[in-house]
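Dear colleague,

I am passing on the structure that we talked about, together with some notes on what turned up when I went through it. Please read the notes with the model open beside them.

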Amino acid sequence: MSESNPELVGPDFGKGVPASVALEGAPLLGHSHGEQVIVVRRGSELFAVGALCTHYGGPLAEGLVDGDTVRCPWHHACFSLRTGEALRAPALNPVSCWQVEQRDDNLYVGTRIEPAPVSQSADRTEAVAPKSIVIVGGGAAGNAAAEMLRREHYEGTITLLSADDSLPCDRPNLSKNYLAGSAPEEWIPLRSAEFYEQQRIDVRLNARVVAIDIVKRRVRLENGSLHDFEALLLATGADPVRLDVPGGELQHVHYLRTWADSRALVAAAAAARRAVVIGASFIGLEVAASLRARNIEVDVVGRETTLMERVLGVEAGRFLQGLHEDHGVTFHLGMTVASIDEHAVTLANGEMLRADLVVVGIGVRPAIGLAEQAGLAVDRGVSVDRYLSTSAGGIYAAGDIARWPDRLGGEPTRVEHWVVAERQGQVAARNMLGRREPFDMVPFFWTEQYDFSLAYVGHAERFDEVRIDGALDERDCTLSYWRGGRKLAVAVVHRDLEGLRSEVEFERALAAAA
Ligand SMILES: Cc1cc2nc3c(=O)[nH]c(=O)nc-3n(C[C@H](O)[C@H](O)[C@H](O)COP(=O)(O)OP(=O)(O)OC[C@H]3O[C@@H](n4cnc5c(N)ncnc54)[C@H](O)[C@@H]3O)c2cc1C
Ligand code: FES
């Protein structure tokens, strides 16, 4: 700990530290001018950047240095050590950069460096850029794309049309801390209204697009208004699958996709004593954990006999079941729901589970209706090429709706991951400006349930072997997913650095195969 300020950790870089303590590629945590800073040595160069990730404050000192970047251990954001720029979502803001120099045998961190502009020049952008861009969808992909267009000096008009009634929000939080009651309202919007105003991003809420005219280059809203575009990004996300049983439309039956959904659930939870969660999906399980944090009795009903077996394998599924049972959740697996009434959920075997609150999390379907109407190529999602371009010129798709040619898995893939959606939005934005950048990133997602978290890199749609290194019970392990002797994905439990190393390993394999 610092001698002068007990809240600051590590040495005071302003006063200087022996240069020998900065080891090659290993972030060194200290502080300067009252802020936590990491110093990183790369060959003959030294870098100093802010120590906290701008996403949720992850500790970059525990991250992975790769080339002249540092990756966050929590959700794999990536920052430039040279400029501080957030090169990869989920971080959207840069970290600070500091002057650092070596004098004699000591290194010193000096003053803060003003953020450098992004790499591309405005001239290059203007030469090929469309005059107007419409983004359909105010979620992860849509927001990230709009921001990236301005970061890349795009000067034309950006209109973001969202069917939501709120500004783009931190959707993953809606089933976690926000629902559990430990995240305040102000954490949820990704950006303020002023931000969009300053960035000249025209955000229209409650603006549902009902038709795209590819020839006339315009979209039509539910209210009849028209918006012309030269380039279009479709980022309409996914819709929850509805439960088709008697009573499924009752008022106390909830779904969770939007902030409004989560607010309604929070309000209902305030008065609820017993909840039934239908569907043991990630969202279902996160909701169960958050409702337990509110001391609500929770039953979970799932069709599968082992939790998450298809995604994480038998062992991880059993572990998750035990985790929830230890927190008081009762499971009804291998079971479906027959009907719901005001006071209970009746299962297919006739058992009645009392419930004053019901949450359905039985999966989502990509919202591809618009793409179909417009005549774009679809295949269980909107088909895009490696540049995220759809079958129509100037129209791109990103996020939960996009099925892209994933070279890692070797087949067209569509996932429902926050970070993938944001990164696809960013890549699509650059490609709208003529960059021709392939989307070749390794998929990543995370889940949090109680005090347990798991991070997953890669994508194993199907696997024939799970290898476990370490012990799930001790919450210290790596699970790898293989098919035909090929490693497709890795999940880590409290081994963040290993998760990051696996990501880099997959990226290297992709680059080598290019
Ligand atoms: C509760 C919850 C928790 C999650 N937790 C995690 C997690 O922990 N980790 C993880 O990796 N992923 C998580 N996810 C998944 C992640 O949020 C999604 O993969 C991601 O949001 C997809 O981004 P998107 O931009 O494709 O779609 P979305 O973020 O869903 O945005 C779609 C947008 O399109 C708009 N829209 C749809 N149709 C129209 C239309 N016709 N006209 C205009 N607008 C339209 C919607 O209103 C919305 O604004 C979670 C999802 C939910 C719902
Ligand atoms: S806290 Fe760093 S990526 Fe989330």
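**Two loop residues and their backbone angles**

R436 sits in the loop between α10 and β32, where helices (H or I, at least four residues) and strands (E, at least two) are DSSP runs numbered from the N terminus. Before going further, please note that this is a predicted model, in which local features need pLDDT of at least 70 and side-chain atom pairs count only at pLDDT 80 or more, while totals for chains, interfaces and linings use all residues. Residues are numbered from 1 along each chain as its sequence is written, chains are lettered from A and ligands numbered from 1 in the order in which they are written, and side-chain values use heavy atoms, with hydrogens and water left out.

The phi angle of R436 is near 55 degrees, a positive value in a residue other than glycine. R436 is exposed, with a relative accessible area of 56%; here buried means under 20% relative accessible area, exposed over 50%, and partly exposed in between, using a 1.4 Å probe and protein chains only. R217, which is not a glycine, also has a positive phi, of about 55 degrees, and is placed in the loop between β14 (209-213) and β15 (218-221). With a relative accessible area of 21%, R217 counts as partly exposed. As background, most residues other than glycine have a negative phi, and most peptide bonds are trans.

**The surroundings of ligand 1**

There are 32 residues around ligand 1, of which D164, K176, V209, R257 and D400 come nearest; a residue is near a molecule or strand if one of its heavy atoms lies within 4 Å of it. By class, this shell holds 16 nonpolar, nine polar and seven charged residues, where Ala, Val, Leu, Ile, Met, Phe, Trp, Tyr, Cys and Pro count as nonpolar, Asp, Glu, Lys and Arg as charged, and the others, Gly among them, as polar.

Backbone atoms also approach the ligand: a polar backbone atom of G138 is 3.0 Å from an oxygen atom of ligand 1, a backbone N or O atom of A235 is 3.3 Å from an oxygen atom of ligand 1, and a backbone N or O atom of W446 is 3.1 Å from an oxygen atom of ligand 1. A polar contact is a pair of N or O atoms within 3.5 Å; within protein, one must be able to donate a hydrogen and the other to accept it, and residues adjacent in sequence count only if both atoms are side-chain atoms. Taken alone, ligand 1 exposes 1,000 Å², and the protein buries 94% of that, with accessible areas from the Shrake-Rupley method with a 1.4 Å probe and, for residues, only the protein chains shown counted as cover. The elements that give two or more residues to the shell are α2 (140-151), α10 (418-432) and β32 (444-449).

**Q36 and H55**

Q36 belongs to strand β3 (residues 35-42) and, at 17% relative accessibility, counts as buried. A polar atom of the Q36 side chain lies 2.5 Å from the backbone nitrogen of V9, and the side chain of Q36 reaches the backbone oxygen of G30 at 2.7 Å. Leaving aside neighbours within four places in sequence, the residues in contact with Q36 (heavy atoms within 4.5 Å) include E7, L8, L29 and H31.

H55 lies in the loop between β4 (45-50) and β5 (64-66), and its side chain makes a polar contact with the side chain of H75 at 3.2 Å. Beyond its neighbours within four places in sequence, H55 is in contact with H75, P90 and A91. P90 is itself in the loop between β8 (86-88) and β9 (97-103), and a cis peptide bond, with omega about 15 degrees, joins A89 and P90.

**Helix α6**

What span should the twelve residues of helix α6 (residues 282-293) have at 1.5 Å a residue? The expected span is 16 Å, and the end C-alpha atoms are 17 Å apart, which agrees; the expected value is 1.5 Å times one less than the number of residues. Ten of the twelve residues of α6 are buried, among them F282, L285, V287 and L291. Just after α6, N295 takes a positive phi of about 65 degrees.

With best wishes
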